[in-house]
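Hi everyone, thanks for coming. Let me put the model up on the screen, and then we can walk through it together.

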Amino acid sequence: MKASFLSRKWHKWLFLVIGVQMCLWAISGFYMVTMSIDYIHGDHLVQEKAPPPLHLTTYTYPVNQVMSAYPEATSIETGNLFETPVYKVHTPNGIQMINARNGISLSPLARSQVKLLAENLYAGNGPLASLELLSDNPPSEVQTRPLPLWRANFDDPWSPSLYISPATGDLITKRHDFWRAFDFLWMLHIMDYETRSDVNNWLLRISATVITLSTLTGIWLLFYSFRRTKGQSASANSGGRFFRALHKWLGLFIGLQVSIWAVSGLTMSILDHDMVQGHDMSRHASPAPLGNDQSVKTLSDLAPQNGVMKVALWRLQDQLVYEITRQEGARLYDARSATPLTITAELSQAIAASDYAGPGALLSAVPVNMPTSDTPRLSGPAWKVDFDDGRGTALYISRETGQITGRVNAATRLFNVALMLHFMDYPGNNHFNSPWIIFTGFATLWLAISGIILIFESFTKAEFKAAFRKITAPGTTRTLTVLDSSGGLDNQITSPYGGTIYDTLAKAEIILPSHCGGGGTCGLCRVQYADLPPVAVEADRHHFTQHELDQGYRLSCQHRLAENTAICLPEDVLTKTPFTAEVTANRKLTPTIHEIKMKLRTSEAFSYDPGSYMLVDIPGTDAAPLKRAYSLATPPQDAEEIVFNIRRIPAPTDQSELPAGVGSHYMCDLRTGDSVTLSGPFGHFKAQDSDNEMIFIGGGAGMAPLRAIIRDQLLHKHTRRKISFWYGVRNTTDIFYQEEFAQLEQQHANMTFQIGLSDPVPQDNWQGLSGYIHEITMKNYLADHPDLTKVEFYLCGPPAMLKATRSMLKQLGIDESKIAFDDFGI
């Protein structure tokens, strides 16, 4: 009796807490298994047109000329734009589409072209209702897709939308209301209310654990209840007895499967997604550039020509290859000789070894035909390459294309078993809409709803009143305590529950820097939690290092005042007020970068840490001006003027719908004598006070804060620290301040300055370093550095450069506390 009493007590209270979520799981699961996944994906929204075979003789513009124009390209593939043959050139900066007859760039497509593509693709009856170019703030349904994107909305039931690439006209994805409902229910199912994609979140793990305990205690109670006497429920009415009996007998048949769902769901949530995918032991190397190889054969040299659906040129290991796809499959050819290429066991082992980053030794390569037990959702001939690393890692290399099609280990195999049990896919045919799971899903839905009703019936009104008083006692307001940088009390704000920290501060006239409107993209509205910080969201992880996250830094626009909270704000936020400045000079340093000098109109002392930024008010038609952040290019001691380096961001001349950089155009068009409204200075990007070596890596207008820090260190602090500055631009026309840094290099033995060109043109006659600046720094300095633990890194430049450089430093094992970066003031 004691065991049954404890089980009943645990079951009751656990389901009181988790019952609503279990109903949400049942509702969302039932919807997902009853709706065809192909319908959810929107396959019915597009015309089913088999692409016609290519006529390679129409691709008259030689591939090697494309390679010459785009040496940084990682692949070139064929395609068609209406009746025009095209090349799609994949580069680190995106895809460029060019006419395969004359080499003329076709990207980005005109609005009229996108309109015609959308209308030709759409399979419904409704007309095109609107066509919109999304360049920022994408809707949640495509928040993981790179921008810009065209959204074509059609006037049909369920609000269908097609998303089309402005560079190539390719259909990126399809959306409709059934998909949107699926996405919302998927969010509820995995309990990731922010990104709707993280199946490893702790809320899901905790809930799955509680559900597992609840179902196990429920099974125990269910079997115990069958031992009771027939006359036990005489006092209950006949309707209640029938409802309870039905719930009881259905639970007898369904309870085991619910337990399996709970255990398998918990297993999949606990297993790290990167480990399951095999990504934690992959090098994640970027695709190698094709280079400028004039010996590559033209498409007309490839044979046979008949039945070709697609041709792609890419680099396999150190060899340029053509991948030719026909209806019967794909085949590789040597791009220089046009002879067939075989993926041998030795080559598959080399491919696997270059990808694998784990500790195990390569064992063997065995030919297999997929699907296999390891790869139930793949097909085709492959090499299985095994590694001896204690976790049964195997890489599957396609024998047709040499591509890595699967990474499998013990975690993957366990995940596949859990997935099979979760979807009741015992034949292993990847069919998740079987009649058996639909029936079981419906029964579980009824069981969950009836269970919730019975649970609530088991509680008295007094119990609910007591719980309600405990919940509502704290009230509906919360207190936000604002501390200064030394920990002293600056303010206490009482505000309604649930507002963002940013808005709560703004209502108290404490305005944090921001120019993204609370979208979490600019990274300016930083606060530091004085107590336990909230869980970091995706925007936090993008803008802060792990070291900063551990110190409690978060973006105030992304977190709400859900409980009494204390935060620390720097002095510059608490004391700075707007002021005006007069433009004293505006000169071009390069074709796109201006140097703008301003004299401050303020009697207050003006000082800042080199590396700081200012917020500039950009006048417009709105009541409140836009604000843009620009880094200061000099330390405060250099002159009575402040200096900015602004890169003008133009709009395409033939596409008025693509916006120009509003802030950059305003700044670059300023004239001597103009007045500008500024706020600040602000910032966290500054030099550490240490004796460590300083390595600066930058590009483009990222010069500004790096220049300020370097000049401060050498000219004002007279540091003896070793300093090296690695600066990357496309070609020589983009270089500025070269003479200044050459002079600093001559005057200071501890300073070196290196320039790298990523895309030099013939007229540059460049004899210096070439390539991406992070790769140049790695090859020419970091690879042979004697002790990287005594180095600090300072980074500023375009987003792609920052991402690649931070990834490189992470692979080198550099502690995040030694890496400072500025990703908004450029």
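Let's begin in the middle of a sheet, where tryptophan 314 stands opposite valine 321 in strand 9. Before I go on, a word on what you are looking at. This is a predicted model, so to speak of local features we need pLDDT of at least 70, side-chain atom pairs count only at pLDDT 80 or more, and totals for chains, interfaces and linings use all residues. Residues are numbered from 1 along each chain as its sequence is written, and side-chain values use heavy atoms, with hydrogens and water left out. When I say helix or strand, I mean DSSP runs numbered from the N terminus, helices being H or I with at least four residues and strands E with at least two.

Back to the sheet. Strand 8 and strand 9 (residues 319-326) are antiparallel, with eight bridges between them; I call two strands paired if DSSP finds at least two bridges between them. Two residues lie between the strands of this hairpin, and glutamine 317 there takes a positive phi near 55°. Strand 8 also pairs with strand 1 (residues 75-81), again in the antiparallel sense, over three bridges. Here serine 75 stands opposite tryptophan 314 in strand 8.

How enclosed is strand 8? Seven of its nine residues are buried, so strand 8 is largely enclosed by the rest of the structure. Buried, for this talk, is under 20% relative accessible area, exposed is over 50%, and partly exposed is in between, using a 1.4 Å probe and protein chains only.

Zooming out, this is an open sheet of seven strands in the order 3-2-1-8-9-10-11, with antiparallel pairing. Strand 3 (94-99) and strand 11 (340-341) stand at the edges with a single partner strand each, so one side of each has no neighbour in the sheet. For strand 3, six bridges join it to strand 2 (residues 84-91), and the two run antiparallel. One place to look is histidine 90, whose bridge partner in strand 3 is isoleucine 95.

Now to the loop between helix 8 (273-277) and strand 8 (308-316), which is the place of serine 295. Aspartate 293 is found in the loop between helix 8 and strand 8 too. Which of these is buried? Aspartate 293 is buried, at a relative accessible area of 15%, whereas serine 295 is partly exposed at 37%. Their side chains are joined by a polar contact of 2.5 Å, that is, a pair of N or O atoms within 3.5 Å where, within protein, one must be able to donate a hydrogen and the other to accept it, and residues adjacent in sequence count only if both atoms are side-chain atoms. The side chain of aspartate 293 makes another polar contact, at 2.6 Å, with the side chain of arginine 336.

Leaving out residues up to four places away in sequence, serine 295 touches Ala335 and Arg336, with contact meaning heavy atoms within 4.5 Å. On the same basis, aspartate 293 touches Asn64, Met67, Leu320 and Arg336. Serine 295 and alanine 335 are 40 residues apart in sequence and 8.3 Å apart in space, C-alpha to C-alpha.

Let's move along to helix 19 (residues 738-747), whose buried residues are Glu740, Phe741 and Leu744. They cover an arc of only 90° around the axis, which puts them on the same side of helix 19; the arc is that of the directions from the helix axis to the C-beta atoms. Exposed Glu739 and Gln746 are carried on the face turned away from that buried side. Among what covers the buried residues of helix 19 are helix 18 (703-716), strand 28 (723-729) and strand 29 (751-757).

Phe741 also belongs to a cluster linked by ring pairs, together with Phe685, Phe696, Phe725, Tyr727, Phe736, Tyr737, Phe753 and Tyr794. Rings of Phe, Tyr and Trp (its six-membered ring) pair if their centres lie within 6.5 Å; planes under 30 degrees apart count as stacked, over 60 as edge-to-face and the rest as tilted. By this rule the count comes to 19 aromatic pairs. One of them is tilted, tyrosine 613 with phenylalanine 682, at 5.8 Å centre to centre and 40° between the planes. Tyrosine 613 lies in strand 23 (residues 613-618) and phenylalanine 682 in strand 26 (residues 675-682), so the pair ties together parts 69 residues apart in sequence.

That's my tour; over to you for comments.
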